[in-house]
Amino acid sequence: MSGKYNRKDHLYTKAKEEGFRGRASYKLLELQKKYRILRRGGRVLDLGCFPGGWLQVAGEKVGPQGLVVGIDLKAIEDLSNAGRGDYQNVVALVGDMRDECSLQRLRELSPDGFDTVLSDMSPALSGIRFRDAFLSAELVGIAFSTAQQLLKNGGSFVAKIFPGEEADELFQEMKGWFVRLERVELGSTRKTSSEFYLVGTSFIRPNTQGEEISRIG
Ligand SMILES: C[S@@+](CC[C@H](N)C(=O)[O-])C[C@H]1O[C@@H](n2cnc3c(N)ncnc32)[C@H](O)[C@@H]1O
């Protein structure tokens, strides 16, 4: 079995037992442990939120005073059916982040912006490495541009990406927008996947950017 794709691995089973929508929840929990990107009372945007594992983790971490807004091409089944909570603080939209109107819909739900922008968006994978890497980078580009519009000064950004030239370019482009920017491979990612996450903390909003860059540079 080792090295082969096993859909029902131990995290899949654990997620079922614990009432999470998917094994992806453990990736966000791992990121949270390392970077503390979700705070009580915070506002979180979750791009590519279906089937809802990250919405659950984020909703539980921000608590009733917080807000989590998700968006995906696919509709989320009512999260309260999962038996972990009522998730009154979670709103999930159906939409395509490639459409310009999506940004406006998200802005309307949290006009003052978000403390955390997450993207676990993934293209439909073809298995053709360079193609998948290109499409994934395109989605990360959209996620980063969304963060540039909606992330609050000092906020955090996380995006899944596949290795390739485009990922390296995005990493370079994003440097300077965060006090700390890292590429991280997670223990909870399937061993068969080459995905990793870009994690940026302490976002520097454009109007303060010149000042901050010279201060940290
Ligand atoms: C790996 S899944 C996300 C899993 C999620 N983080 C969770 O915890 O349940 C990736 C999602 O990205 C979504 N996606 C891909 N392209 C998108 C786009 N252009 N706009 C919105 N969502 C997109 C897919 O529909 C898919 O549901």
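## Aromatic contacts, a helix pair and unusual backbone sites

The charged end of R84 sits over the ring of F20, at 3.9 Å from the ring centre. This arrangement, like everything described below, belongs to a predicted model.

Beyond that charge–ring contact, the structure holds eight aromatic pairs. A pair of aromatic rings is described by the distance of the centres and the angle of the planes. In the pair formed by F144 and W177, the ring centres are 6.0 Å apart and the planes stand at 85°, which is over the 60 degrees required, so the pair is edge-to-face. F144 belongs to helix α5 (residues 129-150), while W177 is in the loop between α6 (165-174) and β6 (178-184), so this pair ties together parts that are 33 residues apart in sequence. Both F144 and W177 are buried.

The rings of F157 and F178 have centres 6.1 Å apart and planes at 20°, an angle under the limit of 30 degrees, and therefore this pair counts as stacked. Here the partners come from two strands, F157 from β5 (residues 151-161) and F178 from β6, so the pair ties together parts that are 21 residues apart in sequence. Both F157 and F178 are buried. Ring pairs link the four residues just named, F144, W177, F157 and F178, together with F203, into a cluster.

The helices offer a further contact to examine. The axes of helix α2 (residues 25-35) and helix α3 (residues 53-62) come within 7 Å and cross at roughly 40°, and α2 and α3 are therefore oblique to each other. On the α2 side the contact is made by S25, K27, L28, L29, L31 and Q32, and on the α3 side by G53, W54, Q56, V57, A58 and K61. By character, the residues of this contact of α2 with α3 divide into six nonpolar, four polar and two charged.

Several individual residues can be placed by element and relative accessibility, as in the following table.

| Residue | Place | Relative accessibility and class |
|---|---|---|
| S102 | helix α4 (residues 100-109) | 1%, buried |
| A124 | loop between β4 (114-119) and α5 | 69%, exposed |
| R36 | loop between α2 and β1 | 49%, partly exposed |
| Y87 | loop between β2 (67-72) and β3 (90-94) | 9%, buried |

When its neighbours within four places in sequence are left aside, S102 is in contact with I71, G95, D96 and M97. For A124, the C-alpha atom is separated by 25 Å from that of E182, a residue 58 places away along the chain.

The backbone also deserves attention, since most residues other than glycine have a negative phi, and most peptide bonds are trans. R36, although not a glycine, has a positive phi of about 50°, and this residue is partly exposed in the loop between α2 and β1. Y87 likewise is not a glycine and has a positive phi of about 50°; with a relative accessible area of 9%, which is under the 20% limit, Y87 is therefore buried. A cis peptide bond, with omega of about 5°, joins F50 and P51, and P51 has its place in the loop between β1 (43-47) and α3.

Terms used:
Residues numbered from 1 in each chain as written. Predicted model: local features only at pLDDT ≥ 70, side-chain atom pairs only at ≥ 80, totals over all residues. Heavy atoms only, no water. Phe/Tyr/Trp six-rings, centres within 6.5 Å; stacked < 30°, edge-to-face > 60°. Helix = DSSP H or I, 4+ residues; strand = E, 2+ residues; numbered from the N terminus. Buried < 20%, exposed > 50% of the residue type's maximum accessible area, 1.4 Å probe, protein only. Lys NZ or Arg CZ within 6 Å of the ring centre and 35° of its normal. Axes fitted to C-alpha atoms, helices over the stretch in contact; angles between N-to-C directions. Parallel < 35°, antiparallel > 145°, perpendicular 65-115°, else oblique. Contact = heavy atoms within 4.5 Å. Nonpolar A, V, L, I, M, F, W, Y, C, P; charged D, E, K, R; others polar.
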